Amino acid sequence: MDQGVLAAPRFQRRPRRRMRHRTLSYSPNAIIGFMAIFALTFVTPLGSKGALLFLMAGMALVAFRPGEVLAALRREWLIVLVALWCVMSFAWSDYTSLTLRHGIQLFLTVMIAVAIGYRLAPMTFVKIVFLTSALSGLASLLSGRARGDGMGFLGIHASKNALADASSLLVIAALAVLVDRRLSARWRLPALAALILGAMLLVMGQSSGALVSTLAVIGVFGVIVVLQRMTPAMRLVAIALSTTLIAAGAVLLMAVSDELARLFLDLTGKDITLTGRTDLWAVAFAQISERPLLGVGFQAFWVHGQPMAEQLWADFGITTRMGFNFHNTMISNAVEIGILATAVQTFVFLGATWSCLGWAIRRPSAASIFFALFMVRLFLLMWIEVVYFYQFSISTGIIIVVICYGHRFRAGLR
């Protein structure tokens, strides 16, 4: 008899099931980008250490692939040219060393922001901004710092307006992440909490300009959502009708402008010149008329010892002699770098804003919506505040990155 029949059946051993271990994937570019954005977000409490961390992280990103960064700078030659103009303005500035130092710092900020814009995916960048803004908001809430006169919360920032700007950034980033259904709950649930935190800090800051601009941006978000659901032809009709209605509404509002102005001033506590802005603008126009093409030099007006700046500080009771400006981006920049360079700045900024709006309507995502809302908010504020370009500024860094992404979006369409 065959032994094979009598032998006990052999069962093949099943291979052991391998334990699945979750691996943590990371991108060196994302880590370095996070360090750079974190440094700009916390540059006020960190001071020079924050600026140093930004430069170290940014230069590391540039050093990894310098050829790609140089190619990116060539593609973004217009904004690079404006930064170089700010550096070169030391030649006619009354404060040579100050203008040269600040100009070089602005150029480095622009260079690093361009590197970030071409090395990080848009969604990765938005996630980084969301995380760093949430950390900033949480740190501000835990700090408990407020103004001594009780007129606003400060947090980790130097002024209530700075806190309001940071809180508005958090609201916009959280809203963009929250509405993107392609993101998982581990992103969207924290975004809901961050949205509540940002709104709470925004109210605590008591900045009327930031509150109004943020509410207007939320309205723009609603318009973008409606336009996303329309065909291209319907969008054109909707935009034409909206433009007509806005023009008609503007005419009606002009008829009751005095009553509305008094109501707004009563609610915000401002005076009829919006805290002296019209007086400031008169001085600025006089400065521009003296040096219309060159300006006085990059950041060479609000300097200790400058006669006109000292007079304005005294007239407005600014005892600290710092943190003051002309409360209008184009006017302030024209005083410093002249009309031509300011026109180039404005052209680049408005072009990026238009590109981001088109991007958000055609291809909605957390990234495109964030960029569109961020730029719209700055567009609304640029008439009453100075929103660009500053060295080591998170707003300036995001603007430069948005300009890069806007060019990449238009290139993709072509």
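Is leucine 350 buried or partly exposed? In this predicted model, Leucine 350 is partly exposed, because its relative accessible area is 36% and a residue counts as buried only under 20%. You will find Leucine 350 in helix H16, which runs over residues 329–362. From there, look at its neighbours on the surface: Leu350, Phe379, Leu380 and Trp383 together make a nonpolar surface patch of about 330 Å².

Now for a contrasting case. Serine 133 sits in helix H8, residues 122–143. With a relative accessible area of 5%, Serine 133 is buried. Leaving aside residues up to four places away in sequence, Serine 133 touches Leu169 and Leu170.

Those residue numbers lead us to helix H9, which covers residues 160–179. At 1.5 Å a residue, the 20 residues of H9 should span 28 Å, and the end C-alpha atoms are indeed 28 Å apart, so expectation and model agree. H9 is also mostly covered, with 14 of its 20 residues buried.

Helix H6, residues 77–88, invites the same check of length. Its twelve residues should span 16 Å at 1.5 Å a residue, and the 16 Å between its end C-alpha atoms agrees with that. Which residues of H6 are buried? They are Ile79, Val80, Val82, Ala83, Cys86 and Val87. These residues cover an arc of only 155° around the axis, which means that they lie on the same side of H6. The spacing makes sense when you recall that an α-helix has 3.6 residues a turn, so residues three or four places apart point the same way.

Key
Residues are numbered from 1 along each chain as its sequence is written. This is a predicted model: local features need pLDDT of at least 70, side-chain atom pairs count only at pLDDT 80 or more; totals for chains, interfaces and linings use all residues. Side-chain values use heavy atoms; hydrogens and water are left out. Helices (H or I, at least four residues) and strands (E, at least two) are DSSP runs, numbered from the N terminus. Buried means under 20% relative accessible area, exposed over 50%, partly exposed in between (1.4 Å probe, protein chains only). Contact means heavy atoms within 4.5 Å. Patches are made of residues with over 30% relative accessible area and no salt bridge: like charges are joined within 9 Å, nonpolar side chains (Val, Leu, Ile, Met, Phe, Trp, Tyr) within 5 Å. Accessible areas come from the Shrake-Rupley method with a 1.4 Å probe; for residues, only the protein chains shown count as cover. A salt bridge is a side-chain nitrogen of Lys or Arg within 4 Å of a carboxyl oxygen of Asp or Glu. The expected span of a helix is 1.5 Å times one less than its number of residues. The arc is that of the directions from the helix axis to the C-beta atoms.
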